[in-house]
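Load the model and keep the sequence panel open beside it. The stops below are given as selections, each followed by what to look for.

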Amino acid sequence: MKHAFSLVLIGLALSSTVVTSCTPEEVTPSIANIAVAGQEFSVLEDAAIRGGVAITLTNKAKSGAEYTVFAPTNAAFARLGLNSALDLLTLQKSFLTTTLLYHTAAGRLEGSTLKVGSSTASLAGPSRRIIGRNGKLYVNGSLILAQDVKAANGMVHPIDKVLLATGVDIVQSALALKNGQVFIKPELTFLVEALVYCNLTEALTAKPGSPAFTVFAPTDAAFKDLGRKLGVALEQPSDIRKLPQATVTAVLLNHVASNGGTFTPSLRTTPA
């Protein structure tokens, strides 16, 4: 399917070249064309196909709308263990579509408009924050590797991490992972059970005026590893209750920071 999509795009590009061959200007590729042509964006191309947004990023909307995409490189997807089209099948299609839309904004956002401290709206709904750190520019926790890659239907800014946002609070985000709404295989099942066991769900549920937190969320594999270190078999989420509640609470609190929900580039490093 990927190859068929590539051939269609190449055909469109060739057709455009023939029509405009009488002019000296070269045809500017669409956002999707850039993904097809760039070796560093092959997984993004696969994701756009599976997520159903490839056509949107190929042509302008009927209204003539343009788009800006913060484009994760192959290395960015690899950070999540997504190295190929086959790996993308581990994600729910609806979540993949929403994630791609979170990388996309309506209109042409030039690099000069990406000011530190500003926010940019996304087609998915939640906004993204522009952060400056050590002279470098980030969108959320992702480094902007390049700016202003111009496309016929907008602009591309390559980034080094995939932007993820659920649009809900910490507890609901963990539940989405637990219930298989993100990965087809449930994840964070031990974390959710631990939060319930330690009566911490209320504290991490968003309420008007409540503080924002950063959570370093241990995976199911991490909890199983903890069990091996403590000499307690943690084979299923309910096994977390074999551990003293005070011990589990201490572990969980060590993974939570009340710092306003800070993105990676804004975290202060501890001097060696």
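Is L253 buried, exposed or partly exposed? Select L253 before reading on; it is found in helix α11, which covers residues 245–253. The model is a predicted one, and in it L253 has a relative accessibility of 49%. A residue counts as exposed over 50% and as buried under 20%, with partly exposed in between, so L253 is partly exposed. Now add L200 to the selection and draw a distance between the two C-alpha atoms: the separation is 9.3 Å, although the two positions lie 53 residues apart along the chain.

**Whole chain**

Zoom out and show the protein chain as a cartoon. The chain has 272 residues, and its secondary structure consists of 11 helices and 10 strands. Colour by burial: 38% of the residues count as buried. Switch on a surface next. The accessible area is about 14,500 Å², and carbon and sulfur atoms supply 58% of that area. For a contact map, take the contacts with a separation of 6 or more; 69% of them join residues 24 or more positions apart.

**The mixed sheet**

Select β1, β2, β7 and β8. These 4 strands make an open sheet, ordered β2-β1-β8-β7, and the pairing is mixed. At the edges are β2 (104–106) and β7, each of which pairs on one side only. Neighbouring strands in this sheet are turned against each other by 20 degrees on average, with direction ignored.

Which strand runs parallel to β1? Select residues 67–72 for β1 and follow the pairing across: the partner is β8, joined in the parallel sense over 6 bridges. Two residue pairs serve as markers here. Y67 is opposite G154 in β8, and P72 is opposite I159 in β8.

Stay on β8, residues 154–159, and colour by accessibility. How many of the residues of β8 are buried? The count is 6 of the 6, so the rest of the structure largely encloses this strand.

Next select β7, residues 149–151. Strands β7 and β8 run antiparallel and are joined by 3 bridges. To check the register, label V149, whose bridge partner in β8 is V156. The connection between β7 and β8 is a hairpin through 2 residues.

**The antiparallel sheet**

Select β3, β4, β5 and β6. They form an open sheet of 4 strands in the order β3-β4-β5-β6, with antiparallel pairing. Here the edge strands are β3 (119–120) and β6 (142–143), each pairing on one side only. Narrow the view to β5, residues 136–139, which runs antiparallel to β6 and is joined to β6 by 2 bridges. One of the partners to label is V139, which bridges to S142 in β6.

**Helices α9 and α10**

Which residues of α9 and α10 meet? Select both helices and show side chains. On the α9 side the residues are T189, F190, L191 and A194; on the α10 side they are D220, F223 and K224. The two helices pack at an angle of about 70 degrees, and their axes are 7 Å apart. Angles from 65 to 115 degrees count as roughly perpendicular, so that is the description for α9 and α10.

Keep the ring atoms in view: the structure holds 1 aromatic pair. The pair is F190 with F223, with ring centres 6.1 Å apart and 15 degrees between the planes, which counts as stacked. F190 belongs to α9 (residues 189–197) and F223 to α10 (residues 220–230), so distant parts of the chain, 33 residues apart, are linked by this pair. Both F190 and F223 are buried.

The last stop is T189, also in α9. Is T189 buried or exposed? Its relative accessible area is 13%, so T189 is buried. Show the residues around T189, leaving out neighbours within four places in sequence: the contacts are K178, D220 and P237.

Conventions. Residues are numbered from 1 along each chain as its sequence is written. This is a predicted model: local features need pLDDT of at least 70, side-chain atom pairs count only at pLDDT 80 or more; totals for chains, interfaces and linings use all residues. Side-chain values use heavy atoms; hydrogens and water are left out. Buried means under 20% relative accessible area, exposed over 50%, partly exposed in between (1.4 Å probe, protein chains only). Contact means heavy atoms within 4.5 Å. Accessible areas come from the Shrake-Rupley method with a 1.4 Å probe; for residues, only the protein chains shown count as cover. Two strands pair if DSSP finds at least two bridges between them. Rings of Phe, Tyr and Trp (its six-membered ring) pair if their centres lie within 6.5 Å; planes under 30 degrees apart count as stacked, over 60 as edge-to-face and the rest as tilted. Axes are lines fitted to C-alpha atoms, for helices over the stretch in contact, and angles run from 0 to 180 degrees between N-to-C directions. Angles under 35 degrees count as roughly parallel, over 145 as roughly antiparallel, 65 to 115 as roughly perpendicular and the rest as oblique.
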